[in-house]
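Me: I am new to reading protein models and would like to learn how to do it step by step. Could you walk me through this one?

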Amino acid sequence: MTPAIPLLGFGTYPLVGEAAERGVLMALDVGYRHLDTAQAYGNEKSVGAALRRSGLPRSDLFITTKIGPDRTGASSFRPAVEQSIADLGGPVDLLLIHWPPPDGQIDGAVERLAAAAEAGLARHIGVSNFPAALLRRATARSPVKLVNNQVEFHPLIDQGTVLAEARKLGMTLSAYCPLARGRVLQEPAIIEIARRHGRPPSEIALRWIIQQGVAALPMTTKRANAESNFRALGFTLEDDDMAAVSTLRCRHLRLVSPASMAGRWDSQDDAHVSL
């Protein structure tokens, strides 16, 4: 059974050090219980420190972290997972492979990911930035169910192919860059819907994601924005509103596509903007 991943989480990239700790504590105080981090972010220790300072029971939280493709080898994967657990202060709820490893290493990486779950190092496992074809390959290879694929997902990119594949495989998606680094806030269609609902455009964009069953992971250091984002859980968009936002997907704006890691995306006409 696919776990109930909270549909709104707090993304921690690019926060590090004290900024990351403050951001997580602020998010927890607002009400967020799903936190997303990664070894590549360099902030797992800070996230772990914030979790300890919060005093919240770990059972009330849902913590996601990701292992980079350079640490998925036979000798490096388990030590990497154990380091994340030590830094975060306990087993994670969702452990992901951050980017697809090179083609010849994918199967082994997935098997080691499954072994980590079988050893009790993670409650659930999945992948990140896997297009549909690799998602099928990974799920076929894993003896433990893969439950989630974390991808760039916002109104200005068409991720319909990978979303449909995830649903077919009994998986969910989670969305990084859910506001397209602020670009969606300038879209006239979203601004008009926001005006009619009496809400800021950010809430409309996040609600569009959440209403598709995709977990949104916005990051902000401003409490007012964190509170506003959290309110995306509290209303529903009409079908016409959902359709109007969906028309923006034709922009094919992909913001994250590092040349050293990105594979063959589902939509080959995406406009890539490197990190």
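Me: Let me start with one residue: in which strand is Thr64 found?

Reply: Thr64 is found in strand E3, residues 62-67. Helices (H or I, at least four residues) and strands (E, at least two) are DSSP runs, numbered from the N terminus. Before we go on, please note that this is a predicted model, where local features need pLDDT of at least 70, side-chain atom pairs count only at pLDDT 80 or more, and totals for chains, interfaces and linings use all residues. Residues are numbered from 1 along each chain as its sequence is written, and side-chain values use heavy atoms, with hydrogens and water left out.

Me: Is Thr64 buried or exposed?

Reply: Buried means under 20% relative accessible area, exposed over 50%, and partly exposed in between (1.4 Å probe, protein chains only). Thr64 has 2% relative accessibility, so it counts as buried.

Me: Which residues does Thr64 touch?

Reply: Contact means heavy atoms within 4.5 Å. Leaving out residues up to four places away in sequence, Thr64 touches His34, Leu35, Asp36, Thr37, Leu94, Leu96 and Gln150. With His34 there is also a side-chain polar contact of 3.4 Å. A polar contact is a pair of N or O atoms within 3.5 Å; within protein, one must be able to donate a hydrogen and the other to accept it, and residues adjacent in sequence count only if both atoms are side-chain atoms.

Me: Now strands. Which strands does E5 pair with, and how do they run?

Reply: Two strands pair if DSSP finds at least two bridges between them. Strand E4 (residues 92-97) and E5 are joined by five bridges and run parallel, with Leu95 opposite Ile125. On the way from E4 to E5 the chain passes through helix H4 (residues 106-118), in a right-handed β-α-β crossover. A crossover is right-handed if, with the strands pointing away from the viewer, the path from the first strand over the helix to the second runs clockwise. E5 is also joined to strand E6 (residues 146-152) by four bridges, again parallel, and Val127 has Asn149 in E6 as its bridge partner. Here the chain crosses through helix H5 (residues 132-141), and this crossover is right-handed.

Me: What comes after E6, and how many of its residues are buried?

Reply: Five bridges link E6 to strand E7 (residues 172-176), and the two run parallel. Gln150 stands opposite Ser174 in E7. E6, helix H6 (residues 160-168) and E7 form a right-handed β-α-β unit. Seven of the seven residues of E6 are buried, so this strand is largely enclosed by the rest of the structure. In E5, residues 122-128, six of the seven residues are buried.

Me: How do I read a helix such as H1?

Reply: You can check its span: the expected value is 1.5 Å times one less than its number of residues. H1 (residues 17-30) has 14 residues and reaches 20 Å from its first C-alpha to its last, close to the expected 20 Å. Its buried residues include Ala20, Val24 and Leu28, and the buried residues of H1 pack against strands E1 (10-11) and E2 (34-36) and helices H2 (44-54) and H9 (223-230). After H1 comes Gly31, with a positive phi near 135°.

Me: Where is Val214 found?

Reply: Val214 lies in the loop between helix H8 (201-210) and strand E8 (215-216). Its relative accessible area is 0%, so Val214 is buried. Its contacts, not counting residues up to four places away in sequence, include Leu7, Phe153 and Ile209. In H8 itself, nine of the 10 residues are buried, among them Trp208 and Ile209.

Me: Finally, how many helices and strands does the chain have?

Reply: The chain has 10 helices and 10 strands. Its radius of gyration is 18 Å, close to the 19 Å that the globule rule gives for 275 residues, so the chain is as compact as a globular protein of that length. The radius is taken over C-alpha atoms, and the rule is 2.2 Å times the number of residues to the power 0.38. Buried residues make up 55% of the 275 residues.
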